[in-house]
Amino acid sequence: MLFDVNEEDNLARMQRGELYYAFTPQLTADRRRARQALSRFNHYPGELTRRQMAEHWKEITNDGRPLPPPASTEDEEDEVLHEYPWIEQPFRADYGTNINVGSNVFINFNCTIIDSSPVSIGSRTLLGPNVSIYSGGHPLEPEIRNGTYGPEFGAPVTIGEDCWLGGNVVILPGNVPEYHVVAGNPARIIRKLERPGEPKPEVKDCSNVA
């Protein structure tokens, strides 16, 4: 634990994506709060109702807003609670407070979000099993990295609307154009999805090329 760090300045550097120290009393307590909320969600006995799922998400993300009034049926509840993701157990996060999701988002089994920097997930986006989203990083130089006594850094991760992240996908900070398929390690753009009304790319005739 690092006690000689100015917590206010450290948090400001964390939010700016600069080097900061994660093992201070404040940030350690913030992660402990998240772990306790996640433990209650992940070890809940039995099947969660849609409202219980939303209540757990509020606790994980430390969202103080009240839930909408209950609907009369479970199907109607799903519509009323569309701003809260449908999330399967188990789920893991660093802080929870830096995660923002749009409407009608699905998070499948065993997903992990390292949200040392903001992580935004757009509406109607689907996360497959074992998806990992990492917004944090560490210096490459071991003398600077220095285990738990050294600094780390982060950068925002923004996932747009109507995305599908298949099983075992790992997301790092960076940009992917809209309507593109990305795969591989390192990630590469595989193809662009054609959209209605969009002109098709010109196909060059190579039949007479020797």
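Me: Hi! Which residue stands opposite cysteine 111 in β5?
Reply: Phenylalanine 91 does. One thing up front: this is a predicted model, where local features need pLDDT of at least 70 and side-chain atom pairs count only at pLDDT 80 or more, while totals for chains, interfaces and linings use all residues. Residues are numbered from 1 along each chain as its sequence is written, and side-chain values use heavy atoms, with hydrogens and water left out.

Me: Great. What is the strand order of the open sheet?
Reply: The order is β2-β5-β8-β13, four strands with parallel pairing. Strands here are DSSP E runs of at least two residues, numbered from the N terminus, and two strands pair if DSSP finds at least two bridges between them.

Me: And which strands sit at the edges?
Reply: β2 (91-93) and β13 (170-171), each pairing on one side only.

Me: How many bridges join each pair, starting with β2 and β5?
Reply: Three bridges join β2 to β5, which covers residues 111-114. β5 and β8 also pair over three bridges, with isoleucine 133 in β8 as the bridge partner of isoleucine 113. Two bridges then join β8 (residues 132-134) to β13, and there serine 132 has valine 170 as its partner.

Me: Back to cysteine 111. Is cysteine 111 buried or exposed?
Reply: Cysteine 111 counts as buried, because its relative accessibility is 0%. Buried means under 20% relative accessible area, exposed over 50%, and partly exposed in between (1.4 Å probe, protein chains only).

Me: How many disulfides are there?
Reply: Zero disulfides by the rule used here, which asks for a pair of cysteine sulfur atoms within 2.5 Å.

Me: Why is cysteine 163 not bonded to cysteine 111?
Reply: Because its sulfur is 14 Å from the one in cysteine 111, the closest cysteine sulfur, and that is too far for a bond. Cysteine 163 counts as partly exposed, because its relative accessibility is 27%.

Me: New topic: where is glutamate 7?
Reply: Glutamate 7 is in helix α1, residues 7-15; helices are DSSP runs of H or I with at least four residues.

Me: What is the nearest side chain of opposite charge to glutamate 7?
Reply: Arginine 13, 8.8 Å away; glutamate 7 is buried yet has no salt bridge. A salt bridge needs a side-chain nitrogen of Lys or Arg within 4 Å of a carboxyl oxygen of Asp or Glu. For charge, Lys and Arg count as positive and Asp and Glu as negative, with His and the chain ends not counted.

Me: Which residues is glutamate 7 in contact with, then?
Reply: Leaving aside neighbours within four places in sequence, Thr24, Pro25, Gln26 and Leu27, where contact means heavy atoms within 4.5 Å. The glutamate 7 side chain reaches the backbone nitrogen of glutamine 26 at 2.9 Å.

Key:
A polar contact is a pair of N or O atoms within 3.5 Å; within protein, one must be able to donate a hydrogen and the other to accept it, and residues adjacent in sequence count only if both atoms are side-chain atoms.
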